[in-house]
Amino acid sequence: MPSPRRNAEGRPLAACAPSSSGSPAHGGGGGRFEFQSLLSSRAPGTDPTCARLRASESPVHRRGSFPLAGAGSSPALPSPLPEEDRMDLNPSFLGIALRSLLAIDLWLSKKLGVCAGESSSWGSVRPLMKLLEISGHGIPWLLGTLYCLSRSDSWAGREVLMNLLFSLLLDLLLVALIKGLVRRRRPAHNQMDMFFTLSVDKYSFPSGHATRAALVSRFILNHLVLAIPLRVLVVLWAFILGLSRVMLGRHNVTDVAFGFFLGYMQYSIVDYCWLSPHNAPVLFVLWNQP
Ligand SMILES: CC(C)=CCC/C(C)=C/CC/C(C)=C/COP(=O)(O)O
């Protein structure tokens, strides 16, 4: 029986790589010669076959952070890992907290996605949820505001509506910007059958419906004189609209939660930059042109 081929130290080569298995991973029969020429060019005292395999597997080595183990010297002690790898191996408390939050988010969103399809457990409520979806869509809100502006015959009314229009446009812009930057995919169980979307709407973070719901409801509560039951209804609409996004499977819970926060903050921006005939006379004069 032929004895196995050995390296410079006399250890059988088969311990790391079969010399004649023809495995594609090792280059097959043709690759063997290349492999052997590598062996013969190595310094004695190393097992270059193993060293080379280990080196190519090691993420540290892939970045070229330390020289080939044992190249021409005594067996190398493990070098300290570079800073970024140490951070990978020992994620910070914040990292662990974020990963846990993400896991809970995905799990909860999947659980709550009870109207994601017709065959889902609450599939029969899906048409109602889709009606709610339209009630928070950008197009009806933009068209409705423009229509009311065209019909408004008081300066005060026009001022409020002009600012509502500005809010809606600011919201569309900010949501599109964040969606484009974050690029979080919609949940896998979502059916992409939404009414009139923009290209960034294939992304889910943040929920545009949730931002609009929070922004518009805060706007209405601050600028319309409404009876208490109607005020409660406005808040309920915003909350149920946000919930329906998760139930329809359109969003994860964090998309909606951040959407509410963003919408709330957007109103603060609008309030701060409130447009009036004093600070933006051009807008108001232009609108009044026949
Ligand atoms: C003037 C202009 C660019 C109007 C576009 C209005 C429009 C298509 C808004 C998109 C509304 C939408 C489908 C948002 C997505 O909401 P998510 O809650 O699914 O993020």
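## The annotated stretches

Let's start with residues 219–244: the chain there is 85% helix and 0% strand, with its end C-alpha atoms 21 Å apart. UniProt, in an unreviewed entry, lists this stretch under "transmembrane region", together with residues 160–182. Residues 160–182 come out as 100% helix and 0% strand, and their end C-alpha atoms lie 32 Å apart. Keep in mind as you look around that this is a predicted model.

The unreviewed UniProt entry also places a feature, "domain: Phosphatidic acid phosphatase type 2/haloperoxidase", at residues 159–271. In the model, that span is 70% helix and 0% strand, and its end C-alpha atoms sit 12 Å apart.

## The overall picture

Stepping back, the protein chain has twelve helices and zero strands. Of its 290 residues, 23% are buried. Now for how the chain folds back on itself: among contacts with a separation of 6 or more, 64% are between residues 24 or more positions apart.

One helix to pick out is α5, which covers residues 93–112. From first C-alpha to last, α5 reaches 28 Å, close to the 28 Å expected for its 20 residues. It's also hardly covered, since α5 counts just two buried residues among its 20.

## The nonpolar core

The largest nonpolar core holds 27 residues, and A213, A214 and M247 have the most contacts inside it. Helices α6 (126–135), α8 (155–182), α9, α10 (228–247) and α11 (253–272) each supply at least two of the core's residues. The largest share, six residues, comes from α9.

Leaving aside residues up to four places away in sequence, A214 touches A238, F260, G263 and Y264. A210, which sits in helix α9, touches G242, R245, V256, G259, F260 and G263 by the same count, again skipping residues up to four places away. Take the pair A210 and G263: they are 53 residues apart in sequence, yet 7.1 Å apart in space, C-alpha to C-alpha. A210 counts as buried because 29 C-beta neighbours lie inside 10 Å, and the cut-off for buried is 20 or more.

## Around the ligand

There's a ligand here too, with 15 residues surrounding it; the closest are G138, T197, S207, G208 and H209. By type, this shell divides into six nonpolar, six polar and three charged residues.

Two helices, α7 (138–151) and α9 (208–223), each supply at least two residues of the shell. Helix α7 gives the most, with three residues.

## Oddities in the loop between α8 and α9

Most residues other than glycine have a negative phi, and most peptide bonds are trans. The loop between α8 and α9 is a good place to look for exceptions. P206 is found in this loop, and the peptide bond from F205 to P206 is cis, with omega near 0°.

R183 is in the loop between α8 and α9 as well, and has a positive phi of about 55° although it is not a glycine. F196, also placed in that loop, has a positive phi near 40°. R183 is exposed, with 12 other C-beta atoms within 10 Å. F196 counts as exposed too, because it has 10 C-beta neighbours inside 10 Å, and 12 or fewer is the cut-off for exposed.

Terms used:
Residues numbered from 1 in each chain as written. Predicted model: local features only at pLDDT ≥ 70, side-chain atom pairs only at ≥ 80, totals over all residues. Near = placed C-beta within 6 Å. Helix = DSSP H or I, 4+ residues; strand = E, 2+ residues; numbered from the N terminus. Nonpolar A, V, L, I, M, F, W, Y, C, P; charged D, E, K, R; others polar. Expected span 1.5 Å × (residues − 1). Core = buried A, V, L, I, M, F, W, Y, C linked by C-beta atoms within 7 Å. Contact = placed C-beta atoms within 7 Å. UniProt positions renumbered as here; feature names shortened; annotations may be inferred.
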